[in-house]
Amino acid sequence: MQIESAKDLMVYKVAYQVAMKVFEISKKFPSEKKYALTSQIRHSSRSVCLNLREAWAKRRYEPHFVSKLTDCDGENAETESSIDFAKACGYITEEQHAQLVLPCREVGKMLGSMINNPRSFLISDL
């Protein structure tokens, strides 16, 4: 299968699933956390996909591409940390935590691989 869009990448698909699970689970967070943890975790989880789309648009220049992938990785790490806080505060169960953290780690590994080996994703002028 030829990759025509960032949306075709497995890393995008997994990150998107995480963002949607975060959205659903965070609906049950306490209302007083609406502008703190709820907003933050939703933003960071969505930013992984958004930055990946932006990185994909910058594939002509390796440093720009890698920079945006690094932003994705940072947002993914922030999402995982927020998930840890949600568990520690009792807003999510151990099972929900695992359902979110495991795919976050998978996303991190895929992003790391892309960051370390960006050339196969770059647009060549040949």
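These are my notebook entries on one predicted protein model.

**Entry 1: overall layout**

I began with the secondary structure and found four helices and zero strands in the protein. Read from the N terminus, the order of elements is α-α-α-α. I noted the ranges for later use: helix H1 covers 10–26, helix H2 covers 34–57, helix H3 covers 62–88 and helix H4 covers 94–116.

Next I looked up the dimensions. The C-alpha trace spans about 55 × 25 × 20 Å along its principal axes. I then asked what radius of gyration the protein has and what a compact globule would have. For 126 residues the globule value is near 14 Å, and the protein has 15 Å, which agrees.

**Entry 2: burial, surface and charge**

I checked how much of the chain is covered, and 40% of the 126 residues count as buried. The protein exposes about 7,600 Å², and 52% of that comes from carbon and sulfur atoms.

I also looked at the charges. There are 18 positive and 16 negative ones, and their mean positions are 4 Å apart.

For contacts, I took the pairs of residues at least 6 apart in sequence. Of these contacts, 68% join residues at least 24 apart.

**Entry 3: the cores**

Nonpolar side chains tend to be buried together in soluble globular proteins. With that in mind I looked for cores here.

The largest nonpolar core has 18 residues. Within this core, the residues that touch the most other members are Leu9, Val11, Leu52, Leu69, Val107, Leu111 and Met114. Which helices supply this core? H1, H2, H3 and H4 each supply at least two residues. H2 gives the most, with five residues.

I followed Met114 further. Leaving out residues up to four places away in sequence, Met114 touches Leu9, Val11, Leu52, Phe65, Leu69 and Phe121.

There is another core, which lies apart from the largest one and has 12 residues. Among them are Ile25, Phe29, Leu37 and Ile92.

**Entry 4: Cys49**

I found Cys49 in helix H2. Is Cys49 buried or exposed? Its relative accessible area is 5%, under the 20% cut-off, so Cys49 is buried.

I then listed its contacts, not counting residues up to four places away in sequence: Cys49 touches Tyr12, Ala15 and Tyr16. Of these I looked up the spacing to Tyr16. Cys49 and Tyr16 are 33 residues apart in sequence, while their C-alpha atoms are 6.3 Å apart in space.

**Entry 5: Phe23**

Phe23 has its place in helix H1. I recorded a relative accessible area of 24% for Phe23. Buried would need a value under 20% and exposed a value over 50%, so Phe23 counts as partly exposed.

Beyond its neighbours within four places in sequence, Phe23 is in contact with Arg42 and Arg46. I also took the spacing from Phe23 to Ile41: the two are 18 residues apart in sequence and 8.5 Å apart from C-alpha to C-alpha.

**Entry 6: Gln99**

I placed Gln99 in helix H4. At 35% relative accessibility, Gln99 counts as partly exposed. For a sequence-distant pair I checked Gln99 against Lys21. They are 78 residues apart in sequence, and their C-alpha atoms are 8.6 Å apart.

**Entry 7: Arg119**

Where is Arg119? I found Arg119 in the segment after H4. Its relative accessible area is 64%, over the 50% cut-off, so Arg119 is exposed.

Last, I looked up the spacing between Arg119 and Tyr35. They are 84 residues apart along the chain, and their C-alpha atoms are separated by 40 Å.

Terms used:
Residues are numbered from 1 along each chain as its sequence is written. This is a predicted model: local features need pLDDT of at least 70, side-chain atom pairs count only at pLDDT 80 or more; totals for chains, interfaces and linings use all residues. Side-chain values use heavy atoms; hydrogens and water are left out. The radius of gyration is taken over C-alpha atoms; the globule rule is 2.2 Å times the number of residues to the power 0.38. Buried means under 20% relative accessible area, exposed over 50%, partly exposed in between (1.4 Å probe, protein chains only). Contact means heavy atoms within 4.5 Å. Accessible areas come from the Shrake-Rupley method with a 1.4 Å probe; for residues, only the protein chains shown count as cover. Lys and Arg count as positive and Asp and Glu as negative; His and the chain ends are not counted. The place of a charge is taken as NZ of Lys, CZ of Arg, CG of Asp or CD of Glu. A nonpolar core is a set of buried Ala, Val, Leu, Ile, Met, Phe, Trp, Tyr and Cys residues joined through side-chain atoms within 4.5 Å.
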